[in-house]
Amino acid sequence: MAQCVRSTLDPLRTPKSVTRTVSVKTPAFASGKAQNQQEGRPQLSLDDLVTSNRKGEVLGTIKDSLSNCLSETNLLETVPGLKSRIRGKVRDIYDAGDYLVLITTDRLSAFDRNLASIPFKGQVLNETSLWWFNNTQHITPNAIVSSPDRNVVIAKKCSVFPIEFVVRGYVTGSTDTSLWTVYNKGVRNYCGNELSYGLVKNQKLPANILTPTTKAADHDVPISPNEIVERGFMTQADFDEASMKALSLFEFGQRVAKHHGLILVDTKYEFGRSSDGSILLIDEIHTPDSSRYWLAGSYEERFQKGLEPENVDKEFLRLWFKENCNPYEDEILPAAPAELVTELAWRYIFLYETITGSRTDIIPTQEPIHDRISRNTRQTLSSLGQL
């Protein structure tokens, strides 16, 4: 995200001219005081992912929507008044004068490139972030002004720190910058963190750690806190405040996830400065794109047996690409199998509904998604006086 915003309205409130609403159930954690109600609650299992009745309800719609994904946008041709577009890995960002229009597409990004388009992914990512933004305002102000469409948010402009705040609770991962990859290569000081010898893959760290990276168009680069300040990316005071927010958000996210039978393994946050000088949380938060989730109920037994944790994120598709090609170097990648694309779409839905306690609307439609978001965005920008 190239620019950020300050929240001035209810982040889940849409303008009156837009009929869409986002259903939210505020958890007991919103006050910041977690209540561990896991005892007596059924533990999630892989069967919940594979054989749940809900999966049967949405699977057909997912399959029917494989050819109706939002892979690219060009609102410059369909929404008057937009000035420019920045194409991100997943989000397209449009300049709308006083505001930014952020479109969450269905593109799946990993290994610094796009791997596939996943039905309903953009919608679910957008709604997941909206839920978390709404429920973390006790930790930090967020970036959202309104959400006129399932795939869209409108935000106010401001500046962004060129650092991604990656927070980790476990030694795991398969990408070049993942903690397990670098640890397995012998690195024992990573982004300013001293790592003890003898750690094994998927082991819980003694404490959560921050492993920042620079934001780059092609490849994020790990960086230490001292380097961030010395190279002028952030002042010490700004870095300290953003770091505190990132660690607090992650700890809160872990408690919410645990309450629902999940482990929030790692994630990333982005921050920016508003026109009044305050530091704000921007971009996405705790989505399966930016985060790794495991099933808590089976983690310990599988870890003791040296088995991979049961995950609820895109790791299984990342591993498929690593097994079938070199995703960093091959110019052309194989097409992701339709059954894996369908499974991943379901996992995004499953995770959203498990954490929020609300059902997302998986609605089959013949209308191209681009037409819908163009119409809804025009209406909202008009109501905000931008058209």
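Strand E15 is a good place to start: with four residues, E15 gives the most to the lining of the largest pocket. Keep in mind that everything here comes from a predicted model.

**The pocket**

That largest pocket has a volume of about 1,100 Å³. Its lining takes in 41 residues, and those nearest the centre are Lys89, Ser109, Glu164, Asp220 and Lys268. Which elements give two or more residues to this lining? They are the strands E1, E2, E4, E9 and E15, plus helix H8. The table shows where the strands sit in the chain.

| Strand lining the largest pocket | Residues |
|---|---|
| E1 | 85–87 |
| E2 | 91–96 |
| E4 | 107–110 |
| E9 | 163–171 |
| E15 | 262–273 |

**Helix H8 and Leu317**

Helix H8 covers residues 315–324, and Leu317 lies in it. Is Leu317 buried or exposed? It counts as buried, because its relative accessible area is 0%, and the cut-off for buried is under 20%. Setting aside residues up to four places away in sequence, Leu317 touches Leu108, Ala336, Leu340 and Leu344. The chain also brings Leu317 and Ala110 together: they are 207 residues apart along the chain, yet 9.4 Å separates their C-alpha atoms.

**The cores**

Leu317 turns up again in the largest nonpolar core, which has 71 residues. Along with Phe165, Leu262, Tyr269, Phe271, Tyr293 and Phe321, Leu317 is one of the residues that touch the most other members. Helix H9 (residues 338–356) gives the most to this core, with eleven residues. A second, separate core has 15 residues, including Tyr99, Ile103, Val152 and Ile154. This fits a wider pattern: in soluble globular proteins, nonpolar side chains tend to be buried together.

What does Phe271 touch, leaving aside neighbours within four places in sequence? Its contacts include Val160, Phe161, Phe165, Ala242 and Leu249, and also Lys245.

**Two sides of helix H2**

Now look at helix H2, residues 53–64, where the buried residues are Arg54, Lys55, Val58, Thr61 and Ile62. These cover an arc of only 135° around the axis, so they sit on the same side of H2. Asn53, Gly56 and Asp64, on the other side, are exposed.

**The whole chain**

Zooming out, the chain holds ten helices and 17 strands. Of its 387 residues, 57% are buried. Take the contacts between residues at least 6 apart in sequence: 70% of them join residues at least 24 apart. As for the outside, the chain exposes about 16,400 Å², with carbon and sulfur atoms supplying 48% of that.

Technical notes. Residues numbered from 1 in each chain as written. Predicted model: local features only at pLDDT ≥ 70, side-chain atom pairs only at ≥ 80, totals over all residues. Heavy atoms only, no water. Buried < 20%, exposed > 50% of the residue type's maximum accessible area, 1.4 Å probe, protein only. Arc of directions from axis to C-beta. Contact = heavy atoms within 4.5 Å. Areas by Shrake-Rupley, 256 points an atom, 1.4 Å probe, with all protein chains shown as cover. Core = buried A, V, L, I, M, F, W, Y, C linked by side-chain atoms within 4.5 Å. 1 Å grid on protein atoms, 1.4 Å probe; cavity = no way out; pocket = protein on both sides within 12 Å on 5 of 7 lines; lining within 4 Å. Points joined across faces, edges and corners; volume = space filled by probe spheres on them.
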